[in-house]
Amino acid sequence: MQVPRVVIHGPAHAVAALRAAASLGRPILLSSPAGCALSHGAPWFREVIAQARAACPEAVCDAVLDCADAPGAALAALRVGLRHLRIDAPPEMRDRLTAMGALLDDQSEAPTLDLLDHPDPEAACRAWLGG
């Protein structure tokens, strides 16, 4: 079974998604936007997820950071403790990252809710996860 995936664009989205998931008793996968490791950095994403988990500790979640096609960004993510990554890289690079402890995400086609344009992200998540 695939875990529902929600693209978050900051701390408020992450907290809203976790609150909605916890209220419905559903696990959730928080996903960064495409290329987030390059635009915001792995430490930023790690802190967003940590803050959201602290705000909603009852939620069951994992989080995946999108590293675009940048192996250096994936290595930086591993250095700060992020293991669940998405990267567009050749098989040999993916194998190297996996050997270093990365859990590579291959579910880019999974059903996803992107919270970018939702004025009430928690309500959007509740509706999407409950449906």
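In the predicted model, the lining of the largest pocket consists of Phe45, Arg46, Ile49, Ala50, Arg53, Asp62, Ala63, Gly81, Leu82, Arg83, His84 and Leu103. The space in this pocket amounts to about 170 Å³. By residue class, the lining comprises six nonpolar, two polar and four charged residues. Helix H3, spanning 42-55, and strand E3, spanning 61-66, each contribute at least two residues to the lining of the largest pocket. The most is given by H3, which supplies five residues of this lining.

Strand E3 also takes part in an open sheet of six strands, arranged in the order E5-E4-E3-E2-E1-E6 with parallel pairing. The edges of the sheet are occupied by strand E5 (103-104) and strand E6 (112-114); each has a single partner strand, so one side of each lacks a neighbour in the sheet. At the E6 edge, strand E1 (residues 5-7) runs parallel to E6 and is joined to E6 by three bridges. Within this pairing, valine 7 has aspartate 114 of E6 as its bridge partner. Helix H1, formed by residues 11-24, packs on the sheet and touches E1, E3 and strand E2 (28-31). The direction of H1 makes about 170 degrees with that of E2.

Four salt bridges are present in the structure. In one salt bridge, the side chain of arginine 5 meets that of aspartate 105, with an N to O distance of 3.0 Å. This pair connects distant parts of the chain, as the two residues lie 100 residues apart. Arginine 5 belongs to strand E1, whereas aspartate 105 is located in the loop between E5 and E6. Strand E1 therefore carries a residue of this salt bridge and is also joined to E6 by bridges of the sheet.

Terms used: Residues numbered from 1 in each chain as written. Predicted model: local features only at pLDDT ≥ 70, side-chain atom pairs only at ≥ 80, totals over all residues. Heavy atoms only, no water. 1 Å grid on protein atoms, 1.4 Å probe; cavity = no way out; pocket = protein on both sides within 12 Å on 5 of 7 lines; lining within 4 Å. Points joined across faces, edges and corners; volume = space filled by probe spheres on them. Helix = DSSP H or I, 4+ residues; strand = E, 2+ residues; numbered from the N terminus. Nonpolar A, V, L, I, M, F, W, Y, C, P; charged D, E, K, R; others polar. Pairing = 2+ DSSP bridges. Contact = heavy atoms within 4.5 Å. Axes fitted to C-alpha atoms, helices over the stretch in contact; angles between N-to-C directions.
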